[in-house]
Amino acid sequence: MFGTVVVGVGIAGLARIRDLMNPMPSSPSEHLKLLGFVSRRSFGSINEAKQISLEDALRSKEIHAAFISTENKSHEETIRMFLEAGKHVLVEYPMALSAKVAHELWEMAEQKGKVLHVEHIELLTEEYKQLKKEVAGKDLVKGTLHFTGSVLDETKAGFPAFSGIARLTWLIDLFGDLTVTSATREEQKDKNYSRMTVHFQTANKKPLTWIEERGPGMRREKKINFCFTSGCLENFPQAPRSAVGLFMQDQNLFAKKLLGQVSKEELAAEKWRILRCLDLAGMIQQQCEQPEKIYS
């Protein structure tokens, strides 16, 4: 059994507590035991899970793994603390708000022989699984992924290329490695509006565009337009509802890693994908933040 602690009790943290207390029967999650949660706010207990201090969580010999569900900006510090304390770590995406830091943390986990698992539930949705089947084996001509959503506090969530890394993960997982050809960002600060536009090239020199747009009252929505030599895909394929929740699927995957049930090849591919997406997010931020050249 692996003793666990949940750090941060926002929407994701509460889902983690629920799933750890009600593991799927006969699943790898039955090897995880919730021993408490850590929060800056005072709760006492949530659904019979007791609140403990961060110090106790780090010190406890019974806690083997931490589920980090804090604000994006504090992921780095929290991961570092738990790895230093010799614990395995599951963290919600993005694992860090800088590619350099992400590489450092991964190296640290490997040196300490600990699992560092980054949640990417966007790859586990039935909608995405159907999309991946639909795209498989087709030759891309060009494509666009356009996301809209409500306003995020960037001081906590990070630059849009990091807070929106789920979209970048989709593109890399669907079409392989990408190169950033240009990245720009339009902001209307008085209206709390932001639109980031990134142009990529695939390994076969095909163009892909990612638009991340946020503003007050904007509906959370993804639109696709992927054109292949065989025709265009403009709507998501119909997908059945999954019998297993996304966080539970992710938790099972983490437990499988703790139990040594994931192949080295799968682990290496996942590591490459996560770090490559963070590298690209860093390049995108750099390009968007470059001062515009003024030609005289």
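Start where the two domains meet: select the contact residues, and you will have 12 from domain 1 and 11 from domain 2. This is a predicted model, so treat the tour as a walk through a prediction.

**Colour the domains**

To see both sides of that contact, give each domain its own colour. Domain 1 takes in 2-119 + 244-261, while domain 2 takes in 125-241 + 279-289. Place a marker at each C-alpha centre, and the two markers will sit 27 Å apart.

**Zoom out to the whole chain**

Now show the protein chain as a cartoon; 10 helices and 13 strands should appear. Its C-alpha atoms fill a box of roughly 60 × 45 × 40 Å along the principal axes. How does the radius of gyration of the protein chain agree with that of a compact globule? For 296 residues such a globule would have a value near 19 Å, and because the protein chain has 20 Å, the two agree.

Turn on the contacts next. Among those with a separation of 6 or more, 71% link residues 24 or more positions apart. Switch to a surface view: the accessible surface is about 15300 Å², and carbon and sulfur atoms contribute 50% of it. Of the 296 residues, 49% count as buried. If you colour by charge, you will be looking at 40 positive and 38 negative charges, whose mean positions are 1 Å apart.

**Select 165-175**

This is helix α8, and 10 of its 11 residues are buried. Show side chains for the buried ones, including W170, F175 and R167. Then step just past the end of α8 to G176, which has a positive phi of about 80°.

**Backbone stops**

A little background helps here: most residues other than glycine have a negative phi, and most peptide bonds are trans.

- Select Y93 and P94. The peptide bond joining them is cis, with omega about -10°. P94 belongs to the loop that runs between β6 (88-92) and α4 (99-112).
- Select S26, in the loop between α1 (11-21) and β2 (32-38). S26 is not a glycine, yet its phi is positive, at about 60°. Is S26 buried or exposed? S26 is exposed, at a relative accessible area of 73%.
- Select E48, found in the loop between β3 (45-46) and β4 (49-50). E48 is another non-glycine with a positive phi, here about 75°. The relative accessible area of E48 is 77%, so E48 counts as exposed.

Technical notes:
Residues are numbered from 1 along each chain as its sequence is written. This is a predicted model: local features need pLDDT of at least 70, side-chain atom pairs count only at pLDDT 80 or more; totals for chains, interfaces and linings use all residues. Side-chain values use heavy atoms; hydrogens and water are left out. Helices (H or I, at least four residues) and strands (E, at least two) are DSSP runs, numbered from the N terminus. The radius of gyration is taken over C-alpha atoms; the globule rule is 2.2 Å times the number of residues to the power 0.38. Buried means under 20% relative accessible area, exposed over 50%, partly exposed in between (1.4 Å probe, protein chains only). Contact means heavy atoms within 4.5 Å. Accessible areas come from the Shrake-Rupley method with a 1.4 Å probe; for residues, only the protein chains shown count as cover. Lys and Arg count as positive and Asp and Glu as negative; His and the chain ends are not counted. The place of a charge is taken as NZ of Lys, CZ of Arg, CG of Asp or CD of Glu. Domain bounds come from an automatic or database domain assignment.
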